[in-house]
Amino acid sequence: MQKIALVGSTVLSDRLIHYFSSTGFGEAVGMFDDFEPVGKEKYGRPILGDIESIPDLFAKGAFDSVAIAIGNRHRRFRETVYRFLKSNSVALATFVH
């Protein structure tokens, strides 16, 4: 089962954690959020760091891919995160429900 980290720690992250586990798609190992302290738990998962720390932890094998859990209200920021992850060769999870 693949290990997936989430970008964002709001209700959308909670939903993705549920979808991933209920479908056997993967295990959500934690979340990245620029506004939450590292180590804080939300939805039973830890905050792993801020968005800038994703490439380093990915390179160290902390997770297999990343799912962007940023909703439609923040489309431009979501695109910025997507471009940052792609430019740093971070694998993105694709989940269709």
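**Two helices and their buried sides**

The buried residues of helix 1 pack against strand 1 (2–7), strand 2 (26–32), strand 4 (45–49) and strand 5. Buried means under 20% relative accessible area, exposed over 50% and partly exposed in between (1.4 Å probe, protein chains only); contact means heavy atoms within 4.5 Å. Helices (H or I, at least four residues) and strands (E, at least two) are DSSP runs numbered from the N terminus. The model is predicted, so local features need pLDDT of at least 70 and side-chain atom pairs pLDDT 80 or more, while totals for chains, interfaces and linings use all residues. Numbering runs from 1 along each chain as its sequence is written, and side-chain values use heavy atoms, without hydrogens and water.

**Exercise 1.** Work out which residues of helix 1 are buried, and how they are placed around the axis.

*Step 1.* Begin with the length: helix 1 has 13 residues, which at 1.5 Å a residue should span 18 Å, and its end C-alpha atoms do lie 18 Å apart. The expected span is 1.5 Å times one less than the number of residues.

*Step 2.* The buried residues of helix 1 are S13, L16, I17 and F20. Because they cover an arc of only 105 degrees around the axis, they sit on the same side of helix 1. The arc is that of the directions from the helix axis to the C-beta atoms.

*Step 3.* An α-helix has 3.6 residues a turn, so residues three or four places apart point the same way.

*Step 4.* After helix 1 comes G24, whose phi is positive, near 75 degrees.

**Exercise 2.** Take S13 as a single case, and find which residues it is in contact with.

*Step 1.* S13 belongs to helix 1, and it counts as buried because its relative accessibility is 0%.

*Step 2.* Once its neighbours within four places in sequence are set aside, S13 is in contact with L6, G8, M31 and A69.

**Exercise 3.** Decide which residues of helix 3 are buried and which are exposed.

*Step 1.* Helix 3, residues 75–87, also has its length to be checked: its 13 residues reach 18 Å from the first C-alpha to the last, close to the 18 Å expected at 1.5 Å a residue.

*Step 2.* V81, F84 and L85 are the buried residues to place in helix 3. They cover an arc of only 95 degrees around the axis, and therefore lie on the same side of helix 3.

*Step 3.* On the other side of helix 3, the exposed residues are R75, R76, R83 and S87.

*Step 4.* The partners of the buried residues of helix 3 are strand 1, helix 2 (54–59) and strand 5. Strand 1 and strand 5 are also among the elements against which the buried residues of helix 1 pack.

*Step 5.* Helix 3 is followed by S89, and the phi of S89 is positive, near 55 degrees.

**Exercise 4.** Is L92 buried or exposed, or does it fall in between, and which residues does it touch?

*Step 1.* L92 lies in the segment after helix 3. With a relative accessible area of 29%, L92 is partly exposed.

*Step 2.* Although L92 and S65 are 27 residues apart in sequence, their C-alpha atoms are 5.1 Å apart in space.

*Step 3.* Not counting residues up to four places away in sequence, L92 touches S65, V66, I68, Y82, L85 and K86; one of these, L85, is among the buried residues of helix 3.
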